Amino acid sequence: MTNPLIYWFRQDLRVHDLPGLAAAAATGQPLVACYILDDESPGEHLAGSASKWWLHHSLQALAGELRTIGITLTLRRGRAADQLGRLIEETGADAVYCTRQYEPWAGQLELELHAALQAQDVSFKRYPGSLLFEPDDIMNRSGQPFKVFTPFWRHCRNGAPPPPPQPAREAILSHSGTVPSESLDSWQLCPHNPNWAADWLTFWQPGSAGANSKLRVFLAEGLADYSEGRNHPARETTSRLSPHLHFGEISPRQLWQQAQKLAARNPAQQEQVDKFLSEMGWREFSYHLLYHFPAMAEEPFKPQFKHFPWQGDKAALTAWQQGQTGYPIVDAGMRELWHTGYMHNRIRMVVASFLTKHLLIHWRAGARWFWDTLVDADLANNSCGWQWVAGSGADASPYFRIFNPIIQGDKFDAEGIYIRRWVPELAGLPDRYLNRPWEAPPEVLAAAGITPGESYPLPMVDHKTARESALAAYGSIRG
DNA sequence: TGAAATGTTGGGGCG
DNA sequence: ACGCCCCAACATTTC
């Protein structure tokens with residue numbers, strides 16, 4: 001009688017193209033599939049509210065998929081090390097397999113588990129599966145990690161392409177019999193009182209099926225105009241795959257392969273495909289940076305930013321969070337985030353620039369808010385993205401690249417579709433005043449039913465003044 | 001994956 | 001015909 005093997009699901013909530021799971025199946029051992037809700041190991045990087053909502057539904061989807069191949073997903077709550085130990089005791093498993101994670105806390109946990117399990121004669125194996133390229137494989141000529149995106153990505157693209165996804169195989173896993181499981185509902189990952197996610201399932205479908213459907217739609221409809229269209233928040237040109245990628249419901253290798261296939265069939269779209277792949281490249285770059293520089297989530301990558309004169313205006317932070325800054329494009333973005341758990345990437349840059357530069361609020365305050373409210377909250381992308389905007393990151397946008405929220409709105413939401421959707425109190429304004437309601441003549445405001453300062457806030461800061469203060473603040477830390 | 005300030009050029013109105 | 005001014009359009013530099 002062979003001992004069972006535990007496959008420990010983490011941020012790899014899929015069945016297909018998952019090397020660790022394939023390796024587990026290849027052993028021929030009976031399988032115990034588990035997910036452990038660990039509130040302790042992540043420390044302050046414990047999943048936020050929107051992520052928890054997603055996790056609930058994603059686990060439900062995964063359990064369903066596993067069921068179709070005869071496997072029951074066992075749910076446990078507690079420290080991963082404790083729960084794995086308990087499962088080993090209960091089942092007599094002699095091995096634990098999982099997919100690697102790259103967050104500093106997660107890497108630390110993997111090391112500890114490796115030691116602890118080995119001491120009990122249980123083998124612990126971790127496999128790649130969340131990235132196109134492993135961080136240890138991508139180094140510059142002097143053996144150091146890349147700190148600039150362009151050479152990083154050139155290096156990745158010039159080397160061997162990522163291996164193609166593994167073909168789907170059916171019913172290769174045998175289950176090890178019943179192992180007691182907690183109930184997903186008892187974890188209460190979904191919000192209630194109030195249930196702010198009541199309608200989220202109408203636009204999100206967590207799980208592999210939802211991921212594949214998003215990919216299909218993107219390849220068929222979004223990709224053709226990706227390069228330009230991706231900048232326009234009202235267009236449905238972006239893939240919206242980020243939460244699916246974060247939870248590992250679809251593998252990046254699959255995205256790579258499908259996009260390349262499409263370019264092979266239709267060479268005219270190569271430029272669009274390359275752009276899409278390079279966005280995946282930014283994801284890789286962030287993961288590699290966080291892996292090599294684990295302080296990235298807490299500390300500025302550029303040390304001089306330790307002395308940046310951030311301001312801690314609580315009321316200003318609240319106005320930003322609630323989408324009440326008086327700058328329509330900023331407010332639209334913040335409200336999209338609050339209502340859907342998502343924000344278009346272009347607008348993320350705009351609101352992040354506004355928080356760190358117009359309001360001079362620390363990027364970590366913004367990162368924390370995103371962490372709690374985004375369904376795609378991801379430590380690598382979030383930390384690197386915020387540091388990029390704030391100017392403190394590796395290969396960051398120069399500090400003085402201060403987005404003008406008025407011009408950004410004019411340029412990327414020229415017809416005002418995005419603003420009218422998320423800031424409906426401005427819907428009656430003609431396009432030319434949508435991004436500058438304070439300039440609208442009284443009769444135009446009256447016709448649109450707007451009372452500045454009441455139905456919609458006046459700008460909380462003057463753009464020109466704020467820009468000058470930001471430049472002065474930056475001047476104070478320049479070497 | 002910016003914006004604003006500054007510089008340059010060239011066309012048109014006009015004395 | 002010419003110089004002058006204005007200004008849009010574009011280019012460069014500066015933050």
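This passage describes a few strands, the nonpolar core, the surroundings of a DNA strand and some unusual backbone angles.

The model is predicted, so local features need pLDDT of at least 70 and side-chain atom pairs count only at pLDDT 80 or more, while totals for chains, interfaces and linings use all residues. Residues are numbered from 1 along each chain as its sequence is written, and chains are lettered from A and ligands numbered from 1 in the order in which they are written.

A good place to start is strand β4, which spans residues 95–99; helices (H or I, at least four residues) and strands (E, at least two) are DSSP runs, numbered from the N terminus. Of the 5 residues in β4, 4 are buried, a term for residues with 20 or more other C-beta atoms within 10 Å of their own, whereas exposed means 12 or fewer and partly exposed in between, with C-beta atoms placed from the backbone. Strand β1 (residues 5–9) pairs with β4 in the parallel sense over 4 bridges, where pairing requires at least two DSSP bridges between two strands. Within this pair, Y7 has Y97 as its bridge partner. Strand β5 (residues 123–127) also pairs with β4 in the parallel sense, over 5 bridges, and A95 is matched there with S123. Between β4 and β5 the chain passes through helix α4 (residues 104–119) in a right-handed β-α-β crossover; with the strands pointing away from the viewer, such a path runs clockwise from the first strand over the helix to the second.

Y7 appears again in the largest nonpolar core, which has 127 residues, and is among those with the most contacts inside it, as are W8 and V96. A nonpolar core is a set of buried Ala, Val, Leu, Ile, Met, Phe, Trp, Tyr and Cys residues joined through C-beta atoms within 7 Å. In soluble globular proteins, nonpolar side chains tend to be buried together.

Turning to the DNA, the residues around strand B include W282, M349, R401 and Q408, each near it in the sense that the C-beta atom, placed from the backbone, lies within 6 Å.

Finally, the backbone holds some surprises. Most residues other than glycine have a negative phi, and most peptide bonds are trans. The peptide bond from N193 to P194, however, is cis, with omega near -5°, and P194 sits in the loop between α5 (149–158) and α6 (208–222). Q188 is found in the loop between α5 and α6 and has a positive phi near 50°. Q188 is exposed because 10 other C-beta atoms lie within 10 Å. D395, in the loop between α15 (379–390) and α16 (405–412), has a positive phi of about 50°. D395 has 17 C-beta neighbours inside 10 Å and therefore counts as partly exposed.
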